[in-house]
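Please look through the sequence and the model shown here before reading on. The paragraphs that follow lead from single strands to whole chains.

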Protein chains: 2
Amino acid sequence: MEKVIQHIENNFNNYLEELKEYISIPSISTLDENKKDMITCANYVADKLKSAGMKKTKVIKTDGHPLVYGEWMGAPGKPTVLIYGHYDVQPVDPLDEWKTPPFELTVKAGKMYARGANDNKGQNFVHIKSVESYFKTDGTLPCNVKFLIEGEEEIGSSNLGKFLKTNQKLLKCDAVMISDTSMFAPNTPTVSYGLRGLCYMEIEMIGPKQDLHSGSFGGAVANPINELAKLISKLHDKNGKITIPNFYKDVQKMTKKEKENLKSLKFSEAKFAKELNVKELQGEKGFGTLERLWIRPTLDCNGIVGGFTGKGAKTVLPSKASAKISMRLVPNQDPKTVAKEFTKYVKSLAPKSVKINVKELHGGLPFVAPLEEKAVVAAANAASKAFKKKTVFTREGGSIPIVVEFNKQLNAPVILMGLGLDTDNIHSPNEHFNVSSFKSGIKASAYFLDEMSKI
Amino acid sequence: MEKVIQHIENNFNNYLEELKEYISIPSISTLDENKKDMITCANYVADKLKSAGMKKTKVIKTDGHPLVYGEWMGAPGKPTVLIYGHYDVQPVDPLDEWKTPPFELTVKAGKMYARGANDNKGQNFVHIKSVESYFKTDGTLPCNVKFLIEGEEEIGSSNLGKFLKTNQKLLKCDAVMISDTSMFAPNTPTVSYGLRGLCYMEIEMIGPKQDLHSGSFGGAVANPINELAKLISKLHDKNGKITIPNFYKDVQKMTKKEKENLKSLKFSEAKFAKELNVKELQGEKGFGTLERLWIRPTLDCNGIVGGFTGKGAKTVLPSKASAKISMRLVPNQDPKTVAKEFTKYVKSLAPKSVKINVKELHGGLPFVAPLEEKAVVAAANAASKAFKKKTVFTREGGSIPIVVEFNKQLNAPVILMGLGLDTDNIHSPNEHFNVSSFKSGIKASAYFLDEMSKI
């Protein structure tokens, strides 16, 4: 192990140079004009896996951008780790807000600036270099490793989703390792063990058959905006609890261990509020902010529109108004069940004076791995060693559908060992990634394979 | 009187021919390209007033389109009637939806089709021809008459507003007669004696400093859309009453006579609901639909917008949301006072977790003339005689700021003797006006001058 870590230290500058090459390929998955770059990039990743020591490396065609696969199964009887990442990146516009060229990795004051430096080239390269370090020193890996690097994460992973369903045998593993999230705080090793799910609905409230003059008709008929507002206001009670019947029925409570972990996290509500420029935080009564973000389901309007929205005054009594309303779900809530209960409930809330249409737009399952799960513990131990600091456990408030799909299709725990920071501008101009996180990340990956060999 | 009425009958075809000329001038006040037509049309009106027998006719320059004035003050000791109308019209687009050329008066099945046929050339020509009929028969008028025909009604009457303020002596009168509204039902002589006022506000609800990811932040902070909805829902109680403190304090109750009149009107709520395609009407409890439209103040959202309003799903927790909210006011509510109370109240409703901005966009005073007012009675008697049917009294739910201005600046009752119908497509393609209403209107105007001479 020491040799491996020393090798990483000794060769780190080379890794930076290689990452520069990887970054220089503008693999923007959403733009047609970058289609060739996607193939170039997939081949680049396959070559890197091969030169790192992986076997059976291949570029797998899909209906969209290719997948890259590689494996090393030379440790029979030992656990198998599947490492997932993505080589595609977000577009770079607005280009004029970049301080350095987006596809030239530029190191400044301990930070590497480039599109993909963090999300996700920097973070998946960590694992490739950790594997390479083993082969260059020990000539072998402590456990079996599979890589699956896709090119469509930024556009919904739909082809990967299909691939998972039909390649369960190829991808069979004991744990899925993903570095594509953030650390809880700078230089704080972090393992995320849960994600919220999603149920995204749309309501349309319809009043009179056409827009009316609010003078000539105001007072006589229901106003769809006012009625929609009334309906939305009824979705929470005065304690911030969601009023949909049976909504909390399947909500998992925190384990004792989770509670202890949450207590141990240093989180300043005041600082958080200040960063968001709000006077006061707000949410479900009886729960702290982190609980409300990670452990509790929520309901938020994502959009609302109706009537006249231009400048100035127009005295219209609109014919309709609509709102997009989504709920973040936690284990064991089911998006389909929630969508049904939501629909029934909001229809019951609307008065006879209006018509209401309810549509389910999108759904995703929540996910959580037990804190006692061996792979979770292995990742935490590894990260602690690499960062020389105790690893903290977090859950994510957001939803990453493909993570849930890995968990579901491969029946294996998914470990989110994020190395980025929330302040790293992913998806925005001047994306960056700490050089020190990149280095500690490679070490953490190496320690993780070692820890996994012992479980 | 009989001679005058007979003269109208005998010469009606000529009046139609003249109206054709008046209509043929495309006096669209809002379009620069029609600026010359506006002057042509003003001169045409002045000529018509002169040939009708009016004195001191003149075209008065303003900062915008000219006003036309004429008077006949040959009945000392008798009351003076000021007749107001407008010679400007709305644009005609979409032109391809017109079945006949908009500036060619076309008579079909008892209706005259053209832009301005109803609003307002047809309706103001009625009064010019009534005066003419007197001069051609009696050689005199039963009372004093002043005409003021403007060219900016469709664009806000701002120059007329100024003119009223500085010409109170010139325009001094005992009643203002306006034919620019609708009858309660076809062939039903109608006098409107009240209008609602307006207080138009805008609320902006501000949450976090920027749009947030609804997964990463949902549950931690107040959502401005949800908070705005909550606030709007609090503006009415469960009986549909507006909850703003002191809101109803200055609201005038109906007189006994008004109540009787309202009772006598044939109004089908079922038919009204069916026309609007709503299952059920809705409004303040304890009041009928006509009361809610005419006698009671209301509050309506005219527009709302916030967050993601495109197609599909975007999981944003928006930074802000805003709504336009207007209140229709009735005597003796004051828009300034209402705006102040509204602002104070909504600010008190917003929780500390959001910021709120409230802006007053627009306001207008309500107006009502007592049903016992002599000029109101005179107009009703006149219309009954002309239409050979009992006149009904209505109020209007909308606001016509210039009417209130006449009332305020000249300290005279304003009579709205509308001759159009709600189904006449004013402001739309295929505007029309019943030939029979045009004829009965001329007679009603003649009877009105006669009735006024006796008050």
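**From strand pairs to the paired chains**

Strand E5 of chain B, residues 111–113, pairs with E18(B) in the antiparallel sense, the two being joined over three bridges. Since this is a predicted model, what follows describes computed geometry. Within the pairing of E5(B) and E18(B), Met112(B) has Phe433(B) of E18(B) as its bridge partner. These strands belong to an open sheet of three strands in chain B, ordered E4-E5-E18, in which the pairing is antiparallel. Its edges are formed by strand E4 (106–108) and strand E18 (432–434) of chain B, each of which pairs on one side only. Neighbouring strands of this sheet are turned against each other by 25° on average, with direction ignored. Across E4, E5 and E18 of chain B lies helix H13 of chain B, residues 435–453, which runs at about 60° to E18(B).

Another strand of chain B, E2, deserves a separate look. Why is strand E2 of chain B largely enclosed by the rest of the structure? Six of the six residues of this strand, residues 67–72, are buried, so E2(B) is largely enclosed by its surroundings in the structure. For the reasoning it helps to recall that a residue is buried if 20 or more other C-beta atoms lie within 10 Å of its own. In a regular strand the side chains alternate between the two faces of the sheet. In E2(B) both faces are covered, with Leu67(B), Tyr69(B) and Glu71(B) buried on one side, and Val68(B), Gly70(B) and Trp72(B) buried on the other.

E2(B) also has strand partners. Strand E1 of chain B, residues 55–60, pairs with E2(B) in the antiparallel sense over four bridges, and a hairpin connects E1(B) to E2(B) through six residues. Lys58(B) stands opposite Tyr69(B) of E2(B), and Tyr69(B) is one of the buried residues of E2(B). E2(B) likewise pairs with strand E6 of chain B, residues 144–150, in the antiparallel sense, here over five bridges. In that pairing Val68(B) has Ile149(B) of E6(B) as its bridge partner.

At the level of chain A, the domain assignment gives domain 1 (2–195 + 366–452) and domain 2 (198–251 + 297–364). The C-alpha centres of these two domains of chain A lie 40 Å apart, and their contact takes six residues from domain 1 and seven residues from domain 2. On the side of domain 1 of chain A that touches domain 2 of chain A, four residues are nonpolar, two are polar and none is charged.

The last step is from one chain to the pair. A turn of 180° with a shift of 0.3 Å along the axis lays chain B on chain A with an RMSD of 0.3 Å; the two copies are thus related as by a two-fold rotation axis. Between the chains, 64 residues of chain B are in contact with 64 residues of chain A. Among the elements that give two or more residues to this side of chain B are helix H6 (224–233), strand E13 (320–329) and strand E14 (355–364) of chain B, while E11(B) gives the most, with nine residues. By class, the side of chain B that touches chain A has 23 nonpolar, 28 polar and 13 charged residues.

E11 also takes part in pairing between the chains: five bridges join strand E11 of chain A, residues 298–307, to E11(B), and the two strands run antiparallel. There Gly303(A) has Gly307(B) as its bridge partner in E11(B). Finally, 100% of the interface residues of chain B are also interface residues in chain A, so the copies meet through the same surface.

Key: Residues numbered from 1 in each chain as written. Chains lettered and ligands numbered in written order. Predicted model: local features only at pLDDT ≥ 70, side-chain atom pairs only at ≥ 80, totals over all residues. Buried ≥ 20, exposed ≤ 12 C-beta atoms within 10 Å, placed from the backbone. Pairing = 2+ DSSP bridges. Axes fitted to C-alpha atoms, helices over the stretch in contact; angles between N-to-C directions. Contact = placed C-beta atoms within 7 Å. Least-squares fit on C-alpha atoms with pLDDT ≥ 70 in both. Nonpolar A, V, L, I, M, F, W, Y, C, P; charged D, E, K, R; others polar. Domains from an automatic or database assignment.
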